[in-house]
Protein chains: 2
Amino acid sequence: MDPIPPQLDPPSRLLMGPGPSPVHPRVLAALSAPTVGHLDPYFLAIMDETRTLLQRLFGTTSALSFPVSGTGSAGMEACLANAVEPGDRVVIAQNGVFGGRMADMVERLGGDLVRVEVPFGQAIDPERVRAAIANKPTKLVGIVHAETSTGVAQELQEIAQVAHEVEALLLADCVTSLGGIPVALDTWGVDLAYAGTQKCLSCPPGLAPVSFSQRAIEAIRTRRHKVASWYLDATLLLNYWSGERVYHHTAPVNMVYGLREALRVVMQEGLAQVYARHQLHHRALVAGLEAMGLRMLVSPPLRLPQLNTVEVPEGVDDVWLRRTLLDDFNIEIGGGLGAFKGKALRIGLMGHGARREHVVTLLSALESVLGAAGVNVPGGAGVHAANQVWHAAASR
Amino acid sequence: MDPIPPQLDPPSRLLMGPGPSPVHPRVLAALSAPTVGHLDPYFLAIMDETRTLLQRLFGTTSALSFPVSGTGSAGMEACLANAVEPGDRVVIAQNGVFGGRMADMVERLGGDLVRVEVPFGQAIDPERVRAAIANKPTKLVGIVHAETSTGVAQELQEIAQVAHEVEALLLADCVTSLGGIPVALDTWGVDLAYAGTQKCLSCPPGLAPVSFSQRAIEAIRTRRHKVASWYLDATLLLNYWSGERVYHHTAPVNMVYGLREALRVVMQEGLAQVYARHQLHHRALVAGLEAMGLRMLVSPPLRLPQLNTVEVPEGVDDVWLRRTLLDDFNIEIGGGLGAFKGKALRIGLMGHGARREHVVTLLSALESVLGAAGVNVPGGAGVHAANQVWHAAASR
């Protein structure tokens, strides 16, 4: 018989990849609070508070905001499986891996898929979406607010207008945006949105916050067929998360504790301060990277502060570079996905991870590792350039 | 704007309902260990160890054993969504709520559903399954090993033989059995099984251990259509959990830490000891309940030690009784579901919860609450009867 594996003893990684991101200590502590029942009056109150906090973060008055009991991709599937029926025409805008994942799901659900594809690293032009809709009855338009595979921010308000011209629902992937840049579902007209806990919320992976507008829930309630997934059926989930509290599945109680604490941390800092902090440290990071001779892959107006894609320097093996950062410095950064595989490094500054000390640690470690790879990096240039950004901000 | 809700401060409940059950302190501590990336070499080793531990607990040589990133019902859906294609004939044996849930899922997946229904509180006779199969080509037979809604244990080996006569796969719900009574998938011939973490594994809800036999995975690999659920597609999940480690979704890292620790706790005690402990405290509990004049709803040979269903005494409102136990004693027990609603109390003795001190606490609290409800309970009779069971066991 196999021996029993040893006691858990994870290394202390500095998580600066595309997620999971550094977990706030208060969130880790909340995860190990005493478990109560999923129908305990105390837990029902925790659920209500979590929903209210999510509404504020999503920028919506819709009370149909709650965490799905799965990771971010379960949130994507919850939105699509509820909104899309077999035969429905669905337009998916795809400028990275996660738009591609949406398209895969739509096909599996029997939707009539129309793709709008643009190269990795670019944003989606609303006119491209209008052309794909082509004035035909369309059930849903899906798009990614913050493409985790490329680091591109997507404008959503014009896309929503284009979708609503044919009464299509707009679905937005907010996995990497929520908590890192402003999200305003109601103002923009987003009908369905999903996120993850492991990006800018400083919480481990495991839950997928979602939000449905009244229009979305009406569309779901008037479906012709039952939702193929019992686990993700929104009407059943909402009977548990609000209203009658009908038992559906056993909610992941401790993960909900963690999410609630993560949302409290964000609200106590204040949304404006949170977004400004991400922007500031992003500017410092980029200044440092560019001073070291590295090149950003996304043009400045489209850059996400929380997910920075950098070109892999000529002659450097990206797998070796990332492994060396991990082994020698305990720092995790991400590699490229899809069209960016082998070409991009992905550096996350997410939530509790978006801190000055992490920027200087990473810049210094990169200087060391790139030097070992034979890249000519001017000594100290990265940290010096980052400092200039912080000093300029402080003196304003 | 709404105020920020207060600091998390859950009450210390004694969880003696149908789950979640009391979480082992080592599992709670593991949940708050430092998060690492889902592709970190350390986490890949943790995944392998978790798979090996699950194999041992499931009683299988199949390495296709891993936790699905959702709760127990996600495990149910993962098994059915992968094994069942539209038009497939599927026989579901239903003697409680969870067999009913399987049937609901089969219909949503477009399966040709044949139900075998027996009343709540009874087991399924293999001959009833054989008659339902009726020698017709059948893709899958689904059955519940430990019905959480009734407390009935189901024999599986004969059912497996019946299913295999027509080359159907056997699917078993092991949500409440895994870790509480022996599970021997290979010996019995079970092809697909799923469980939950929040029952006899002494872990919070959030993951669904599953296991697929080679026959099951062959059936999945030769499907005519893609699995409707991308999130639960077993071939994609297995590419991440074993073999090539291809990124699928971001695994719930800290929940996996918790499950691994829960499995270590079980293996360190030893499986034989764990099962014997459940049996012993179950016998003590039943002796105590019967001495207090309460009546068990399941006949002795079919009783699950970990889930005890008791008739609600004449003239007592079960909602009031459960609420009073919760408010006055911080003890959670469960009410009836489905045909047992209002008629049954469900008392769990699961994992870390199956302990002598919990039995005496519950029997004493029940004596107090039933007395307040005007039921004539002989003072101290429950604890006295339980003690006799323990003393007899100790003197053997």
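Which domains does the domain assignment give for chain A? In this predicted model, the assignment splits chain A into domain 1 (25-267) and domain 2 (271-394).

**View 1. The two domains of chain A and their shared contact**. The C-alpha centres of domain 1 and domain 2 of chain A are separated by 29 Å. Domain 1 of chain A puts 22 residues into the contact, and domain 2 of chain A puts in 21. On the domain 1 side, 11 of these residues are nonpolar, 10 are polar and one is charged.

**View 2. The seven-stranded open sheet of chain A**. Strand order runs β2-β10-β9-β8-β5-β3-β4 in chain A, and the pairing is mixed. The edges belong to β2 (65-68) and β4 (112-117) of chain A. Each has a single partner strand, so one side of each has no neighbour in the sheet. On average, neighbouring strands are turned by 20° against each other, direction ignored.

**View 3. Strands β3 and β5 of chain A, with a helix packed on the sheet**. Strand β3 (residues 89-94) of chain A pairs with strand β5 (residues 140-144) of chain A. The sense is parallel, and three bridges join the two strands. V91(A) has V141(A) of β5(A) as its bridge partner. Helix α8 (residues 214-221) of chain A packs on the sheet. This helix touches β8 (169-173), β9 (192-194) and β10 (208-212) of chain A. The directions of α8 and β8 of chain A make an angle of about 110°.

**View 4. The crossing of helices α3 and α4 of chain A**. The axes of α3 (residues 72-83) and α4 (residues 97-108) of chain A come within 10 Å. They cross at roughly 45°. The two helices are therefore oblique to each other. The crossing of α3(A) past α4(A) is right-handed. From α3(A), the contact uses S73(A), M76(A), E77(A) and L80(A). From α4(A), it uses R101(A), M102(A), M105(A) and V106(A). By class, five residues of this contact are nonpolar, one is polar and two are charged.

**View 5. The contact between chain A and chain B**. Chain A contributes 64 residues, and chain B contributes 64 residues. On the chain A side, the elements giving two or more residues are α1 (25-31), α2 (41-58), α3, α4 and α10 (253-269). Helix α10(A) supplies the largest share, nine residues. The chain A side has 31 nonpolar, 21 polar and 12 charged residues.

Note on methods:
Residues numbered from 1 in each chain as written. Chains lettered and ligands numbered in written order. Predicted model: local features only at pLDDT ≥ 70, side-chain atom pairs only at ≥ 80, totals over all residues. Axes fitted to C-alpha atoms, helices over the stretch in contact; angles between N-to-C directions. Helix = DSSP H or I, 4+ residues; strand = E, 2+ residues; numbered from the N terminus. Parallel < 35°, antiparallel > 145°, perpendicular 65-115°, else oblique. Left-handed = near helix turned anticlockwise from the far one by under 90°. Contact = placed C-beta atoms within 7 Å. Nonpolar A, V, L, I, M, F, W, Y, C, P; charged D, E, K, R; others polar. Domains from an automatic or database assignment. Pairing = 2+ DSSP bridges.
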